[in-house]
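Grab a pencil and work through these exercises with the structure open beside you. Try each task on your own before you read the solution.

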Amino acid sequence: MLKGIVSLGFLLFALPSFAATTTYKIDPSVSKVAWVGKKITGQHNGTIGVKSGKVEFEGEKMKGGEFVLDVQSITVLDLTDPKLNGDLTGHLKSDDFFSAEKFPEATFKAVKAAQKAGGVTELTGPLTIKGITVKEVTLPLKISKTGDKFVASGKAKLDRTKWDIKYRSGKFFPSLGDKLIHDQFELEFDLKGSKS
């Protein structure tokens, strides 16, 4: 009997301990995603609103997360002329780019998380834009957590043609000259929230 108790005690001691999973809700009112798109003759930048989302921690480590972007809220920040700004904003919402009316949301869901140096967590999972899902997109986010609050920030470069955004892409339209728009665009995440 004593031998059995000792064996059971050893087994319980040897089992790994698992920290509880804690969920934090992203606050859309203080979170944002900035974008930068580049072309031969310059670049444009703006923002996309965050509609909803959450992140999950296991102890102090980020375990996963998901969020929804409001594609219809896309803005242009670098053009101060109202007409030029309106024209570009409308074009970005059109079928040449994000088809905002047909596909008003973009979604990301992390299916794995890898801890990297400097407090960075690489979240990898499907990103859906224009109804097209690319299964393995990696977003490197630096996480800081204080009490019931969290902040996650980071940048990712994406190839727009994977989501059928081909307008003035050199891959599909040769000889564009200075009208070419680069395929890669950059998203910069600034996500904030609190324990739900």
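The exercises below use a predicted model, and each one comes with a worked solution.

**Exercise 1: A helix and its span**

Task: Work out what span the residues of helix H2 should have, and check it against the distance between its end C-alpha atoms.

Solution:
- Step 1. Helix H2 covers residues 82-93, which makes 12 residues.
- Step 2. The expected span is 1.5 Å times one less than the number of residues, so for H2 you should get 16 Å.
- Step 3. Now look at the model: the end C-alpha atoms of H2 are 16 Å apart, so the two values agree.

**Exercise 2: The buried side of H2**

Task: Find out which residues of H2 are buried and what they pack against.

Solution:
- Step 1. Go along H2 and pick out the buried residues: you should end up with Asn85, Leu88, Thr89 and Leu92.
- Step 2. Look down the axis of H2. Those buried residues fall within an arc of 100°, so they line one face of the helix.
- Step 3. Ask what they pack against. The partners are three strands: E2 (32-39), E3 (42-58) and E4 (61-76).
- Step 4. Zoom in on Thr89, which sits in H2. Its relative accessible area is 12%, and buried means under 20%, so Thr89 counts as buried. Skipping neighbours within four places in sequence, Thr89 is in contact with Ile74 and Val76.
- Step 5. Finish at the N-terminal end of H2, which is capped by Asp81. A side-chain oxygen of Asp81 lies 3.0 Å from the backbone nitrogen of Lys83.

**Exercise 3: Rings that meet**

Task: Decide how the rings of Tyr24 and Phe57 are arranged, and say which parts of the chain the pair ties together.

Solution:
- Step 1. The count of aromatic pairs in the model is seven. For the pair Tyr24 and Phe57, the ring centres are 5.2 Å apart and the planes meet at 75°.
- Step 2. Planes over 60 degrees apart count as edge-to-face, so that's the label for this pair.
- Step 3. Place both residues: Tyr24 is in strand E1 (residues 21-26) and Phe57 is in strand E3, so the pair ties together parts that are 33 residues apart in sequence.
- Step 4. Check the burial. Tyr24 has 2% relative accessibility and counts as buried; Phe57, at 1%, counts as buried too.
- Step 5. Look for another ring: Tyr24, Phe57 and Phe150 form one aromatic cluster.

**Exercise 4: A lysine over a ring**

Task: Describe where Lys145 sits and what it touches.

Solution:
- Step 1. Find Lys145 in strand E8 (residues 132-146). Its relative accessible area is 24%, so Lys145 is partly exposed.
- Step 2. Lys145 lies over the face of Phe57, at 5.0 Å from the ring centre.
- Step 3. List the contacts of Lys145, leaving out neighbours within four places in sequence: Tyr24, Phe57, Gly59, Glu60 and Phe150.
- Step 4. Want another charge over a ring? The charged end of Lys166 sits over the ring of Phe172, 4.7 Å from its centre.

**Exercise 5: Two residues in strand E7**

Task: Take Leu127 and Thr128, and say for each whether it is buried or exposed.

Solution:
- Step 1. Leu127 is found in strand E7 (residues 120-129), and Thr128 has its place in E7 as well.
- Step 2. Leu127 has a relative accessible area of 6% and is buried. Thr128 has 18% and is buried too.
- Step 3. Leaving aside residues up to four places away in sequence, Leu127 touches several residues, including Phe108, Val134 and Leu158.
- Step 4. Thr128 has a polar contact: its side chain joins that of Thr133 at 2.6 Å.

**Exercise 6: Unusual phi angles**

Task: What phi do Asp164 and Arg168 have, and where do these residues lie?

Solution:
- Step 1. Start from the usual case: most residues other than glycine have a negative phi.
- Step 2. Asp164 has a positive phi of about 60°, and Arg168 has a positive phi of about 55°.
- Step 3. Asp164 lies in the loop between strand E9 (149-159) and strand E10 (181-195). Arg168 is in the loop between E9 and E10 too.
- Step 4. Asp164 is partly exposed at 39% relative accessibility, and Arg168 is partly exposed at 30%.

Terms used: Residues numbered from 1 in each chain as written. Predicted model: local features only at pLDDT ≥ 70, side-chain atom pairs only at ≥ 80, totals over all residues. Heavy atoms only, no water. Helix = DSSP H or I, 4+ residues; strand = E, 2+ residues; numbered from the N terminus. Buried < 20%, exposed > 50% of the residue type's maximum accessible area, 1.4 Å probe, protein only. Arc of directions from axis to C-beta. Contact = heavy atoms within 4.5 Å. Polar contact = N/O pair within 3.5 Å; in protein donor to acceptor, adjacent residues only side chain to side chain. Phe/Tyr/Trp six-rings, centres within 6.5 Å; stacked < 30°, edge-to-face > 60°. Lys NZ or Arg CZ within 6 Å of the ring centre and 35° of its normal.
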